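Trainee: Could we go through this model together, step by step, with the terms explained as we meet them?

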Amino acid sequence: MRENDNDNRKLLEFIDKVRHRLNLNLFADMLLYGIIGGLSGWLIVNIFSMLVPVYKAEKYGAFLIIPCAVAGIVFFVIKRFSRKDAALKADLTGLKERVTTAYENMEKDDMFSKVQRADALRTISSYDVKKNFPFKVSMKKLAILLAFVLAVTVTMLIPTKARVKAEVTHGVKVEAEKKAEELEKKLEKLKEEYNLTDEQLKELDDLLKEAIKELRDSMSDEDLKRAEERFAAKSEQKLKDSLSDNFEKAKEAQKNVSLLENQTPAEQAETLAKLEQQAKDAKDAEMAKAVDDAKQELENGAISDAAMNNMDNLSQRALENAKADLEKAGMEPPKDTNNGNGDNNGSTPTGSPSPTPTGSENGNNGENNGNGEGQGNQNGNGEGQGNQNQNGEGQGGQNQNGQGQGGQNGQGWNQGSENGNENPINKTGERISVPNNTTDQNLNGKKGEGDSSKTDNGPTLTWEGTSVDYSTVVGEYTKKAYEELDTTDVPASMQDLIKDYFTEINK
Amino acid sequence: MLQNENELQEIIRRVGDCEAEIGKAIIGQKEVIRQVLLALFTDGNVLLEGVPGLGKTELVKTIAKVFDISFSRIQFTPDLMPADVTGTNLIVKEEGQNVFKFEQGPVFANIVLADEINRATPKTQSSLLEAMQEKTVTVGKKTYELPKPYMVLATQNPIENEGTYPLPEAQLDRFLFKIQVDFPTIEELKQIMHITVTSHKAELHPVMNGEDITRIRAIIRDMPMADAVEDYALRIVTATHPELETSPDFIKKYVSCGASPRAAQAIFKTSKARALLEGRANVAFEDIKAVAKPALRHRLSTSFEAIADSVNTDAIIDMLLKEITP
């Protein structure tokens with residue numbers, strides 16, 4: 001039995017040696033196959049990248065080698081030789097199935113098996129495993145490998161239009177990301193810099209998202225530039241609109257505060273409710289608190305002067321902030337648009353009155369025949385004017401320098417206003433006294449007074465408006481055009497044409 | 001059962017001596033001699049096919065002498081009767097009474113040469129069936145055992161077909177081997193002339209006897225055979241069946257009926273014997289290849305396509321051995 005064990009051990013040692021050599025060769029083969037497979041994949045990717053623009057596909061194709069080599073190793077693990085396989089392989093080198101038979105009959109103790117085992121051991125004692133199973137890599141496979149390496153190298157280096165395009169597109173993408181980041185930062189800065197409502201912030205965010213999408217969809221530097229410009233134009237416009245709106249609201253709030261003093265408790269309650277809503281919209285916590293306190297006081301009897309002053313100061317401060325925001329944005333605070341509404345027969349005013357400060361009362365600019373009896377008040381520089389025979393809409397802008405702005409474009413004609421209205425807006429920090437008699441009868445200039453008579457000179461196309469700079473106009477048109485492009489079904493070629501057009505006029 | 005390694009070595013040596021002794025009288029034909037010995041050591045019968053004058057009868061006689069066993073020869077003719085082969089009951093007088101006594105025919109010998117077996121009628125041919133398969137002869141109601149070892153060597157002429165009765169497949173299947181006796185080479189022919197037409201006669205000495213043959217037969221049965229080798233042999237036999245989907249296309253084309261399980265038995269037994277004669281204690285793939293042709297060639301029925309393309313069974317087996325690899 002011990003003799004058998006010894007024989008079996010020798011037999012197994014021999015088989016293991018053969019197996020080791022076989023597995024070594026198999027491993028090398030499988031690895032080589034894997035690498036060749038990876039290289040062939042890489043070659044395909046290279047050829048593909050020569051035709052289709054994929055950024056650095058020829059370089060990323062190299063990564064195919066790793067999974068293929070791993071697959072080769074996995075395949076080796078699955079296919080590796082067992083002892084039985086190794087014994088059979090050894091037999092096929094001239095051992096005439098001695099090893100396999102002996103291996104299969106290792107557990108048998110009959111005489112024939114012993115004799116056979118002894119015969120097998122005798123035969124393998126002079127057997128050179130290394131000679132019969134040398135570690136060698138097939139030259140054919142190596143040649144294939146080298147051929148693939150060569151092919152991959154050559155195809156990787158050939159410059160094609162597709163590759164150039166891929167590079168450019170990638171550059172654009174990178175740039176787009178960079179620009180998107182910049183836009184985000186800019187927007188953040190804007191948000192920090194200006195007091196904007198949630199809704200306004202959301203609108204700006206939407207603009208940013210839209211711009212980022214546009215940037216990411218860009219295929220060229222031109223596209224990037226356009227997208228950036230569009231965003232700049234849109235965001236600027238949006239900011240201006242928002243700031244103007246805020247300013248108007250602040251003015252409204254201040255007006256409401258000023259009205260409180262002369263109102264009945266019921267009206268005050270109503271005004272306070274408005275103020276509360278305005279404070280909420282403007283996210284002005286102090287104002288909200290002040291309004292709340294005022295409401296409390298009102299419930300208890302009457303609003304105190306202190307509360308009144310407090311609200312006044314806060315509303316004034318809000319107005320100043322809004323104005324500061326406007327100035328920061330390079331804008332001029334809008335002039336009062338409510339003055340000089342000589343109720344007219346003129347059409348809706350649209351043009352901005354030309355800046356022709358007269359310093360006079362306004363509202364009586366209905367030339368000639370306009371019954372402009374409205375009176376400017378304060379220091380408003382009436383500017384608007386009805387054209388020809390109608391009343392302009394001069395208004396007493398009383399802002400500081402008296403450069404109020406005509407409400408839109410004055411296109412009134414025919415008749416001038418009947419009654420000019422004053423609409424005093426006070427200067428910063430000033431209390432406003434609003435007269436109780438705001439009806440026509442109480443105004444100085446009443447309808448029908450004076451010697452004016454109406455002479456209808458017919459419609460005319462002449463009017464004056466405010467000066468708007470070129471870039472603003474073009475920006476608005478560009479914005480509108482892009483909005484139309486987004487919402488209407490315009491062919492792609494035409495879209496490019498339109499975009500090019502606006503790009504050109506934006507220069 | 002093998003007693004020790006020395007016994008095996010002794011047998012191998014003596015078998016080698018036998019081959020050498022036979023070779024004294026039979027020039028060339030080494031493969032034929034080897035195949036006949038394989039059949040002898042595996043208890044099989046042999047069908048020798050070859051043109052007349054190639055020394056078939058001489059071979060059988062020589063084997064009988066070398067193994068010191070009895071030999072008889074039956075010349076098969078169309079008028080040969082079964083009783084001429086098996087023997088018959090004769091009425092003889094014994095102690096004043098007429099009694100039937102069985103008179104043994106030529107089939108009662110260790111080696112029987114059935115010369116030109118295809119010339120006898122199927123009835124006579126079939127009288128050998130029981131002897132070949134069961135090693136017995138039944139005459140009337142009595143069955144007689146044939147001597148051991150027993151072996152039938154039949155010959156047939158592949159050229160002459162007129163007035164012959166081709167052996168039916170059932171009888172062919174009972175031959176372990178069908179051995180093709182080819183024409184000798186010039187060198188061999190020269191030696192044959194030297195022995196046969198001169199006064200030089202080969203002196204043959206018995207090397208083994210019937211008991212030795214029986215002993216060797218028992219030992220051969222125990223010879224180990226690896227699974228892979230067994231599988232290989234079985235794959236070859238299975239592949240001869242055209243009805244199987246896995247069979248090669250040429251088998252489907254050229255073979256109408258594949259080999260029976262007796263073919264597999266023949267390959268297994270004779271490959272073991274061959275391994276022993278080669279001095280090995282295990283069967284190798286080459287043993288299977290060596291015995292495949294004599295074991296299969298008479299067990300395959302060729303199709304019309306094979307006849308049309310002049311493809312014989314040997315060619316088919318060659319193709320098969322190329323197709324089926326270890």
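Trainee: How many residues does the contact take from chain A and from chain B?
Mentor: This is a predicted model, in which local features need pLDDT of at least 70 and side-chain atom pairs count only at pLDDT 80 or more, while totals for chains, interfaces and linings use all residues. Residues are numbered from 1 along each chain as its sequence is written, and chains are lettered from A and ligands numbered from 1 in the order in which they are written. Two residues are in contact if their C-beta atoms, placed from the backbone, lie within 7 Å. On that basis, the contact takes 19 residues from chain B and 15 residues from chain A.

Trainee: Which element gives the most to the side of chain A that touches chain B?
Mentor: Helices (H or I, at least four residues) and strands (E, at least two) are DSSP runs, numbered from the N terminus. Two elements give two or more residues to this side, helix 5 (98-104) and helix 6 (111-125) of chain A. With seven residues, the one that gives the most is helix 6 of chain A.

Trainee: Which strands stand at the edges of the open sheet in chain B?
Mentor: Two strands pair if DSSP finds at least two bridges between them, and five strands of chain B form this open sheet with parallel pairing, in the order 2-5-8-1-9. A strand at the edge has a single partner strand, so one side of it is left without a neighbour in the sheet, and this holds for strand 2 (71-75) and strand 9 (177-180) of chain B.

Trainee: Which residue of strand 9 of chain B stands opposite Leu47(B)?
Mentor: Strand 1 (residues 46-49) of chain B pairs with strand 9 of chain B in the parallel sense, over four bridges. Opposite Leu47(B), in strand 9 of chain B, stands Lys178(B).

Trainee: At about what angle does helix 3 of chain B run to strand 5 of chain B?
Mentor: Axes are lines fitted to C-alpha atoms, for helices over the stretch in contact, and angles run from 0 to 180 degrees between N-to-C directions. Helix 3 (residues 56-66) of chain B lies across strand 1, strand 2, strand 5 (111-115) and strand 8 of chain B, and its angle to strand 5 of chain B is about 175°.

Trainee: Is Ile144(A) buried, exposed or partly exposed?
Mentor: A residue is buried if 20 or more other C-beta atoms, placed from the backbone, lie within 10 Å of its own, exposed if 12 or fewer, and partly exposed in between. Ile144(A), which lies in helix 8 (residues 139-157) of chain A, has 16 other C-beta atoms within 10 Å, so Ile144(A) is partly exposed.
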